[in-house]
Amino acid sequence: MSYRLTQLLAIDHPIIQAPMAGVSTPALAAAVSNSGGLGSLGIGASSVDQARAAILNTRELTSRPFSVNLFCHASAQRDNALEQAWIENLRPLFAEFGGMPPEALSEIYKSFINHQEMLAMLLETAPAAVSFHFGVPERSVVQALHDRGIVTLATATRPEEALLIQARGVDVIVAQGYEAGGHRGMFDDKALDTRLSTFALVQLLKKQVTLPIVAAGGIMDGAGIRAMLTIGADAVQLGTAFLLCPESAADEGYRQQLNSSRSHQTDMTHAISGRAARSLDNDYCRHGRATGKEAVPAYPVAYDIGKALASLAKKQGHHGYSAHWAGQGVNLIREMPAAELLQTLVQEAGL
């Protein structure tokens, strides 16, 4: 087993808890870090003040390294006609719950690209690691983080993205296979998705880049961890496996859905947010399949109305329009505290 990534991150075990914006919490990240893995916070949808508070809160709970994750997507290409058509498309769904859709949509959060206030906050608080999704910032930003002693990671779904990550000076590549839950990390969401599995992607990247590689997607237990390390991954990243931990922010409806079956299907949908993301197959996914991804506005503009519909439906006890992100391994999920899960994974993998 390679130890270069555990040494780089100063962690005991080559296991990273995926950031999972909206689900990860300081308590979850701290529990994983305190158990020898790398806990993570998803702050891509947070304001600067919210992100700072989450980092400081986590630091109160652990003295071990943890990571924070930022979104590096291109600004949304606004199309008013498309956005209005999508509002009208969803109007009957709002009406089912006695509500009205918003009159207009907003780009609900900023990309980290050219976000100087967020960069300044990271340089001020200096988390041990910062990771990027949907792209990678300019080399000068990566260097500024390095100068502050921060390790950097970035997601790649294909070799071309990995080569750009390496060229920008990032320290670690997170190889996200098509099995992974949540948003695909593709740099260009309009490009053809080659849908490489974690298994195939890790092996391809080992031949094309020199950086440490973290395998992400479909890994739920020690057997999966051992398999990824055997084919050359330096570490693994698990997200779905941690959803039922009591420290996660998954709400009661999310937990009920996860516990309702061990034969869940997942779907890669654009409908909820405007970008491809793997979710438990639900009413929103089915609506998206019926309408087609061309009808959905850009990310994260579509997420504005997606969140509004989910909130309205949840108030009436209906969870079929929520973003219940989950990977293909979801039916292997286990419910236990994060520290216990981390130690179970370590034991199963024989680390």
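**Notebook: a parallel sheet and one cavity**

I began in the middle of the sheet, where β4 runs parallel to strand β5 (residues 151-156) and four bridges join the two. A reminder to myself: this is a predicted model.

*Entry 1, around β4.* I looked up a residue pair linking these strands and found that Ala-129 has Val-151 in β5 as its bridge partner. Then I turned to the other neighbour: β3 and β4 are also parallel, with five bridges between them. On that side I noted Phe-71 opposite His-133 in β4.

*Entry 2, burial of β4.* How many residues of strand β4 (residues 129-133) are buried? I count five of its five, so I wrote the strand down as mostly covered, taking buried to mean under 20% relative accessible area. Next I checked which way the side chains go. Ala-129, Ser-131 and His-133 point one way, while Val-130 and Phe-132 point the other way, and all are buried. That fits the textbook picture, since side chains in a regular strand alternate between the two faces of the sheet.

*Entry 3, the whole sheet.* Stepping back, I traced an open sheet of eight strands with parallel pairing, in the order β1-β9-β8-β6-β5-β4-β3-β2. Why do β1 and β2 each have one side without a neighbour in the sheet? Both β1 (15-17) and β2 (39-42) are at the edges and have a single partner strand each, so one side of each stays unpaired in the sheet. From one strand to the next, I get an average twist of 25°.

*Entry 4, the β2 edge.* I followed β2 inward to strand β3 (residues 66-71): the two run parallel and are joined by four bridges. Here Leu-41 sits opposite Val-68 in β3. I also looked for what packs on the sheet here, and found helix α3 (residues 48-61) touching β2 and β3. The direction of α3 makes about 165° with that of β3.

*Entry 5, empty space.* My last search was for cavities, over the whole structure, and it gave one of 30 Å³ or more. The largest cavity holds about 30 Å³ of space. Which residues line the largest cavity? I listed Gly-44, Leu-70, Phe-71, Lys-110, Ser-111, Phe-112, His-115 and Met-118. By type, this lining divides into four nonpolar residues, three polar and one charged. I was pleased to meet Phe-71 again: this lining residue is the one I had noted opposite His-133 in β4.

Technical notes
Residues are numbered from 1 along each chain as its sequence is written. This is a predicted model: local features need pLDDT of at least 70, side-chain atom pairs count only at pLDDT 80 or more; totals for chains, interfaces and linings use all residues. Side-chain values use heavy atoms; hydrogens and water are left out. Two strands pair if DSSP finds at least two bridges between them. Axes are lines fitted to C-alpha atoms, for helices over the stretch in contact, and angles run from 0 to 180 degrees between N-to-C directions. Contact means heavy atoms within 4.5 Å. On a 1 Å grid over the protein atoms alone, a cavity is a set of points where a 1.4 Å probe fits but cannot get out, and a pocket is an open set with protein on both sides within 12 Å along at least five of seven lines; lining residues have an atom within 4 Å of a point. Grid points are joined across faces, edges and corners, and a volume is the space filled by probe spheres set on the points. Ala, Val, Leu, Ile, Met, Phe, Trp, Tyr, Cys and Pro count as nonpolar, Asp, Glu, Lys and Arg as charged, and the others, Gly among them, as polar. Buried means under 20% relative accessible area, exposed over 50%, partly exposed in between (1.4 Å probe, protein chains only).
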